[in-house]
Amino acid sequence: MDELRNYARELLEKEEVAAVIGYQQVTEKRTKPIVITDPAETSRLVFNEYCLNNLAVYLTKARIRSLMRTKDKTMKLAIVAKPCDVHSIVALIQENQIHRNDVHIISFNCHGVVKDFGCDFNGDNLAAKCIKCETHKPLYFDKIFGEEKQTPKAGDASLEKINELEKLNSKERFEFFKSEFDKCIKCYACRAVCPLCYCQRCITDKAIPRWIESSSHQRGNFSWNIVRAFHLSGRCTGCGECDRACPMDIPLSLINRRMAMEVKDLFSFVSGRSLETPTLVGNFDKKDSDEIFM
Amino acid sequence: MSFKMEEKIISKDDLLKLCGDVIAKGHTLLAPGIAEYEQVKDVSQIRLDSSALPTKTSYKSYVFPKAEPILYYKRSKSDVQLIDVDVNGKKIVVLGAKPCDTNSINILKHLFNWDYEDEFFNLRQKHFVIIGLMCSSFDEYCFCTSVGSSPVSEEGSDLFLIPINEDKFALRIITEKGKEFIEPYSEFLKDGDEAKSNAVLESIKKPEVAFDSKQVHEWLGDNFENPKWEGIGNVCLSCAQCAFVCPVCHCFDLVDEDYSYSEGRRMKNWDGCQFGHFTLHASGHNPRDIQSKRYRQRVNHKFRYYVDKFGEILCTGCGRCSRGCPVSIDIKEIVSNCKD
């Protein structure tokens with residue numbers, strides 16, 4: 001931990017970065033995001049199995065971006081990112097939301113995080129995204145810490161659920177999602193925590209004309225969740241933050257993951273994995289399948 | 001109107017029989033489930049566990065629904081016809097309500113009867129019977145004792161349960177409404193011993209008082225512009241999780257939903273002060289344009305403005321907003337820091 005703190009402190013002291021976005025411990029089994037501009041505060045930084053938040057969400061926030069600009073120069077933002085969070089950063093770079101040169105990625109060799117704060121770290125309590133994770137080492141970074149360790153083994157319950165839903169007919173599947181979406185209270189925590197939900201003004205907030213009903217009744221909830229699913233297809237990197245943030249426990253990542261599977265099958269594309277390839281929707285290939293056109 | 005509290009004893013079996021009867025009569029029976037207050041269909045669902053932490057959401061939505069039509073309209077070229085909504089004033093019995101929930105309706109009553117009497121809220125709350133249950137555990141997010149309540153507070157309950165042993169509860173009749181509700185079941189009740197159940201209440205460990213709400217009130221008045229707000233604003237992501245799981249947050253938005261040119265309805269929907277567009281004016285000006293101003297509003301509304309206006313803190317200390325916050329913002333910590 002000292003390595004991370006010293007490194008972050010030096011970055012701030014040498015004015016290489018304007019701020020360090022990282023994690024601080026709040027209780028034994030809970031961390032929370034912290035935005036550090038004062039080098040002395042770097043002593044609060046931690047990295048462990050309780051660093052659940054995907055901090056990439058802060059990279060597009062106007063108030064965080066404003067920290068980068070001082071009178072005489074523009075500085076970078078340093079971010080502590082798990083390898084999976086780096087996928088989100090890559091997606092943001094691809095979508096021109098931040099320049100690679102404006103972000104200093106401090107990453108770790110990662111062996112997984114818990115599914116929720118307060119849990120012990122073991123196979124039973126592993127976050128769903130860690131179970132299927134293939135990126136224990138970050139694909140892009142400016143500095144890496146931590147030793148490679150084995151991720152605990154666990155069954156992929158979310159894939160099982162997707163397979164189970166696949167077997168249902170469309171009416172039954174509709175009933176499943178109806179009962180899930182009925183719970184939605186439209187607090188938009190799913191949108192707030194999503195690094196790829198960076199629209200300055202979300203379509204749901206537009207009132208003239210109103211495309212998406214703001215009421216959290218069945219039609220309003222379906223409209224929101226379906227728009228969300230489509231807008232994130234080919235863009236969602238599978239960080240699972242929406243699932244974690246939902247106060248009503250709606251399994252949102254089932255939808256995102258299923259859409260990601262579709263995108264992979266059709267276009268052999270996985271979001272946030274390469275800075276060299278263009279975005280899925282920003283790229284047209286004559287060889288693309290026509291199946292997607294309705 | 002003062003009502004003299006009556007102390008009774010009821011066995012768990014009889015209490016469940018009572019619940020069975022409530023369901024059989026077609027009333028709605030709510031009880032804390034795993035995540036929320038669930039509608040009980042079968043009495044075997046009932047846990048009555050005084051050591052359970054607060055559910056993720058309160059029963060606020062049963063008195064102030066997340067989305068409800070308040071009128072229907074029909075429109076023609078020359079006329080607009082308004083059609084009233086028939087409010088479903090069905091009896092709702094909440095069994096085992098947490099003391100951090102029981103007073104929520106009383107706190108909300110002020111707002112919904114201030115400049116305008118909200119008939120929807122009033123009719124629903126009139127049909128509510130709240131059976132509170134003493135609370136015997138707390139976690140690091142609980143702070144009821146800092147907002148003038150406690151895990152053994154009977155405030156807001158019509159009836160109040162205190163577990164005496166595995167199969168028996170002391171049942172206190174707190175209000176006239178409670179007495180009216182329990183009267184048909186008087187065969188289940190035996191006279192209780194107030195001293196005995198008081199001893200149980202006194203033995204309960206309570207969360208330490210984290211802040212002095214009077215000092216917080218004063219500090220907020222002097223510190224509208226304080227750099228502390230900025231630190232919070234940097235981390236908060238502007239969702240409304242905190243407001244929507246809160247038992248007393250009550251902001252709402254009125255929107256018209258057209259089914260067609262000629263028909264539609266007006267909806268009253270939950271809204272949250274942390275949303276960026278919450279205070280966005282039609283002119284484009286936004287008085288709370290940045291997150292720090294919005295979080296300042298949240299704390300001020302709860303611990304200063306509501307107190308000034310209605311004499312009560314707009315917070316029950318349940319800790320739901322902190323437990324569920326995606327970025328782990330702890331309101332207890334923030335309010336405790338509302339000092340120099």
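# A tour of chains A and B

Start at the second largest pocket: by class, its lining has 21 nonpolar, six polar and nine charged residues. Keep in mind along the way that this is a predicted model.

**Stop 1: the pocket**

To put yourself in the middle of the second largest pocket, select Phe230(A), Ser233(A), Arg258(A), Met259(A) and Glu262(A), which lie nearest its centre among the 36 lining residues. The space in there comes to about 1,200 Å³.

Now colour the helices around it. In chain A, H5 (157–167), H6 (170–181), H8 (218–232) and H10 (252–267) each give at least two residues to the lining. Which helix supplies the largest share of the lining? That is H10(A), with eight residues.

**Stop 2: H5 against H10 in chain A**

Stay on H10(A) and add H5(A), since both helices contribute to that lining. Two packed helices are described by the angle between their axes and the distance between the axes. Here the angle is about 75° and the axes are 10 Å apart. Angles of 65 to 115 degrees count as roughly perpendicular, so that is how H5(A) sits relative to H10(A).

For the contact itself, select Ser158(A), Leu159(A), Lys161(A), Ile162(A), Leu165(A) and Glu166(A) on the H5(A) side; across from them, pick Leu254(A), Arg257(A), Arg258(A) and Met261(A) on H10(A). The set divides into five nonpolar, one polar and four charged residues. You have met Arg258(A) already: it is one of the residues nearest the centre of the second largest pocket.

**Stop 3: two backbone oddities in chain A**

Most residues other than glycine have a negative phi, and most peptide bonds are trans. Two places in chain A are worth a look with that in mind.

Go to Glu15(A), in the loop between helix H1 (2–13) and strand S1 (17–27). What is the phi of Glu15(A)? Its value is near 55°, which is positive, in a residue other than glycine.

Next, jump to Pro209(A), in the loop between helix H7 (189–193) and H8 of chain A. The peptide bond leading into it from Ile208(A) is cis, with omega near -10°.

**Stop 4: zoom out on chain A**

Show the whole of chain A as a cartoon and you should find ten helices and six strands. Its radius of gyration is 20 Å, close to the 19 Å that the globule rule gives for 294 residues, so chain A is as compact as a globular protein of that length. Along the principal axes, the C-alpha atoms fill a box of roughly 60 × 45 × 40 Å.

**Stop 5: over to chain B**

Switch to chain B, where the cartoon has twelve helices and twelve strands. The C-alpha trace spans about 65 × 60 × 35 Å along its principal axes. For 340 residues a compact globule would have a radius of gyration near 20 Å, and the 22 Å of chain B agrees with that.

Finish with helix H7 (213–222) and helix H10 (291–310) of chain B, which pack at about 105° with axes 10 Å apart. H7(B) and H10(B) are therefore roughly perpendicular to each other.

To see where they touch, select these:

- From H7(B): Val216(B), His217(B), Glu218(B), Leu220(B) and Gly221(B).
- From H10(B): Val299(B), Asn300(B), Phe303(B), Arg304(B), Val307(B) and Asp308(B).

Coloured by class, this contact of H7(B) with H10(B) shows five nonpolar, three polar and three charged residues.

Notes: Residues numbered from 1 in each chain as written. Chains lettered and ligands numbered in written order. Predicted model: local features only at pLDDT ≥ 70, side-chain atom pairs only at ≥ 80, totals over all residues. Heavy atoms only, no water. 1 Å grid on protein atoms, 1.4 Å probe; cavity = no way out; pocket = protein on both sides within 12 Å on 5 of 7 lines; lining within 4 Å. Points joined across faces, edges and corners; volume = space filled by probe spheres on them. Helix = DSSP H or I, 4+ residues; strand = E, 2+ residues; numbered from the N terminus. Nonpolar A, V, L, I, M, F, W, Y, C, P; charged D, E, K, R; others polar. Axes fitted to C-alpha atoms, helices over the stretch in contact; angles between N-to-C directions. Parallel < 35°, antiparallel > 145°, perpendicular 65-115°, else oblique. Contact = heavy atoms within 4.5 Å. Rg over C-alpha atoms; globule rule 2.2 N^0.38 Å.
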